[in-house]
Amino acid sequence: MRIATRSLLWVVWVLSLALGHVAAASTVTVVMAGQLTTASAPAGATDGSLTAGATYTLTLTYDDATADLAPLDTHFGDFRVPAALSSYVVTVGNYTFSAA
């Protein structure tokens, strides 16, 4: 009886570990930075800050529970940004673009 009780308790413990944790969504932030290698724009279209060597930063924040709009495509994810709980900010030269 003692061995059977221990075995049963062990099975209950393993099942509680396997089934007891509910996956929770989390917020993911991706930051990319670099320098422009080339830049061209019609004269007067920018303030002159978009030149080769200008730095850029992109910050993308999203909820990893956001549904893939094309789940059958196993090679690429299709997500709409901004979606619920997502945002992005791009800064390049003297310009900042954002959506939240």
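Strands here are DSSP runs of E, at least two residues long, and are numbered from the N terminus; L58, to take one residue shown below, is found in strand β2.

**View A. Overall fold of the predicted model.** The protein contains one helix and four strands, and when it is read along the sequence these elements follow the pattern α-β-β-β-β. Of its 100 residues, 7% count as buried, and its accessible surface comes to about 8,000 Å², of which carbon and sulfur atoms account for 64%. Among the contacts between residues at least 6 apart in sequence, 52% join residues that are at least 24 apart.

**View B. Pairing of strands β2, β3 and β4.** Strand β2, which covers residues 55-63, runs antiparallel to β3 and is joined to it by six bridges. Strand β3 (residues 87-92) in turn runs antiparallel to strand β4 (residues 95-99), and five bridges join these two. V89 can be followed across both pairings, since in β3 it is the residue that stands opposite T59, while on the other side it stands opposite S98 in β4.

**View C. The hairpin formed by β3 and β4.** Two residues lie between the two strands, and G93, which is in the turn, has a positive phi of about 55 degrees. The bridge partner of V92 in β4 is Y95.

**View D. The aromatic pair of Y95 and F97.** A pair of aromatic rings is described by the distance of the centres and the angle of the planes. With ring centres required to lie within 6.5 Å, the count comes to one aromatic pair. The centres of the Y95 and F97 rings are 6.3 Å apart and their planes meet at 10 degrees, so the pair is stacked, the cut-off for stacking being planes under 30 degrees apart. Y95 has a relative accessible area of 25% and is therefore partly exposed, and F97, at 47% relative accessibility, also counts as partly exposed.

**View E. Surroundings of L58 in strand β2.** With a relative accessible area of 23%, L58 is partly exposed, a class that begins where buried, meaning under 20%, ends. When its neighbours within four places in sequence are left aside, L58 is in contact with V30, V31, M32, V89 and V90. T96 is 38 residues away from L58 along the chain, and the C-alpha atoms of these two residues are separated by 9.7 Å.

**View F. A nonpolar surface patch that includes Y62.** The patch is formed by V30, M32 and Y62, which together have about 230 Å² of accessible area. V30 and M32 are also among the residues in contact with L58. Y62 lies in strand β2 and is partly exposed, its relative accessible area being 31%.

**View G. Contacts of D68 in the loop between β2 and β3.** D68 has a relative accessible area of 25% and is partly exposed. Apart from its neighbours within four places in sequence, D68 is in contact with F76, G77, D78 and F79. For one of these, F79, the separation from D68 is eleven residues in sequence and 5.6 Å in space, taken from C-alpha to C-alpha.

Note on methods:
Residues numbered from 1 in each chain as written. Predicted model: local features only at pLDDT ≥ 70, side-chain atom pairs only at ≥ 80, totals over all residues. Heavy atoms only, no water. Pairing = 2+ DSSP bridges. Phe/Tyr/Trp six-rings, centres within 6.5 Å; stacked < 30°, edge-to-face > 60°. Buried < 20%, exposed > 50% of the residue type's maximum accessible area, 1.4 Å probe, protein only. Patch = residues over 30% accessible without salt bridge, like charges linked within 9 Å, V, L, I, M, F, W, Y side chains within 5 Å. Areas by Shrake-Rupley, 256 points an atom, 1.4 Å probe, with all protein chains shown as cover. Salt bridge = Lys/Arg side-chain N within 4 Å of Asp/Glu carboxyl O. Contact = heavy atoms within 4.5 Å.
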